[in-house]
Amino acid sequence: MKEAQQTLTYTIFKTSSELSNEDAALVEKARQQTSIAYAPYSNFHVSAAALMENGEMITGTNQENASYPVSICAERVLLGTIANLFPGMPVKTIAISYNSNKVKTDYPISPCGMCRQALAEYESRINKPIRLLMTGQSGEIFLVNVASHLLPLAF
Ligand code: THU
């Protein structure tokens, strides 16, 4: 018998001014696009923005439904869009952000378990890691260089 351990390494940026111009632009896009999320039930507006290998930026937002379980998270809306617009193309980075009038928005969001599974599968589909930037409307930004590292012992 033996014990094993998996650790998560991530980088914390104090504000977006510490990011590269490319990452700062993606974070800004994710922050802005929360305004078009459809979240009338939770009032938690989430956006995910991807920078593709060809330099294009693609976004997705959460889409809720009166039948709550029908709702879909921003990250999975984004991955579906990417898969259809740019099948097989590597994704350099995804930035996620949120806005809400009910909670403070200066702490980084991190993806739900279902989205971690979806992100992990997308990495194996394109056979490339996806960098993931997590943030709120302001404040710190967390970076993981491989999105699937957020899901140890993934299925
Ligand atoms: N949500 C996302 O879009 N992404 C996440 O990573 C966490 C949660 C959405 C689902 C639901 O519409 C709302 O946020 C509240 O949970």
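Arg131 counts as partly exposed because its relative accessibility is 23%, and buried means under 20%. In this predicted model, the side chain of Arg131 forms a salt bridge with that of Asp23, at 2.8 Å from N to O. Asp23 lies in helix α1 and Arg131 in strand β5, so the pair ties together parts that are 108 residues apart in sequence. Asp23 itself counts as buried, because its relative accessibility is 6%. The points below start from the sheet and then turn to the cores and the other salt bridges.

**The sheet**

- The sheet is open and has 6 strands. Their order is β1-β6-β5-β4-β2-β3. The pairing is mixed.
- Two strands sit at the edges: β1 (11-13) and β3 (57-61). Each of them pairs on one side only.
- From one strand to the next, the twist averages 20°.
- Helix α1 (residues 21-33) packs on the sheet. The helix touches β2, β3, β4, β5 and β6 (141-144). The direction of α1 makes about 40° with that of β4.

**Strand β4 and its partners**

- Strand β4 spans residues 91-100. The strand is mostly covered, with 8 of its 10 residues buried.
- Strand β2 (residues 44-52) runs antiparallel to β4, and 9 bridges join the two. Ala48 has Ile96 of β4 as its bridge partner.
- With strand β5 (residues 131-135), β4 pairs in the parallel sense, over 4 bridges.
- Several residue pairs mark this parallel register. Thr93 is opposite Arg131 of β5. Ala95 is opposite Leu133 of β5. Ile96 has Met134 of β5 as its bridge partner.
- Ile96 therefore appears in two pairings, with Ala48 and with Met134, as β4 is joined both to β2 and to β5.- Helix α3 (residues 113-126) takes part in a right-handed β-α-β unit with β4 and β5.

**Strand β5 and the hairpin**

- Strand β5 is mostly covered too: 4 of its 5 residues are buried.
- Strands β5 and β6 run antiparallel and are joined by 4 bridges. Thr135 stands opposite Ile141 of β6.
- The hairpin of β5 and β6 has 5 residues between the strands. In this hairpin, Gly139 takes a positive phi near 85°.

**The nonpolar cores**

- In soluble globular proteins, nonpolar side chains tend to be buried together.
- The largest nonpolar core here has 27 residues. Met52, Ile82, Val91, Ile94, Tyr122 and Leu132 touch the most other members.
- At least two residues of this core come from each of β2, α2 (74-85), β4, α3, β5 and β6. Helix α2 gives the most, with 5 residues.
- Met52 has many contacts beyond its neighbours within four places in sequence. They are Ile58, Ile82, Phe86, Met89, Pro90, Val91 and Lys92.
- A second, separate core has 11 residues. Ala30, Ala49, Leu133 and Ile141 are among them.
- Two members of this second core were met above in strand pairs. Leu133 stands opposite Ala95, and Ile141 stands opposite Thr135.

**Salt bridges**

- The count of salt bridges comes to 5. The pair of Asp23 and Arg131 is one of them.
- Lys128 forms a salt bridge with Glu53. Their closest N and O atoms are 3.9 Å apart.
- This pair links distant parts of the chain, 75 residues apart. Lys128 is in the loop between α3 and β5. Glu53 is in the loop between β2 and β3.
- Lys128 counts as partly exposed, at 39% relative accessibility. Glu53 counts as partly exposed at 48%.
- Lys104 and Asp106 also meet in a salt bridge through their side chains, at 3.3 Å from N to O.
- Lys104 counts as exposed because its relative accessibility is 64%, and exposed means over 50%. Asp106 is partly exposed, with a relative accessible area of 35%.

Notes:
Residues numbered from 1 in each chain as written. Predicted model: local features only at pLDDT ≥ 70, side-chain atom pairs only at ≥ 80, totals over all residues. Heavy atoms only, no water. Buried < 20%, exposed > 50% of the residue type's maximum accessible area, 1.4 Å probe, protein only. Pairing = 2+ DSSP bridges. Right-handed = clockwise from strand over helix to strand, strands pointing away. Axes fitted to C-alpha atoms, helices over the stretch in contact; angles between N-to-C directions. Contact = heavy atoms within 4.5 Å. Core = buried A, V, L, I, M, F, W, Y, C linked by side-chain atoms within 4.5 Å. Salt bridge = Lys/Arg side-chain N within 4 Å of Asp/Glu carboxyl O.
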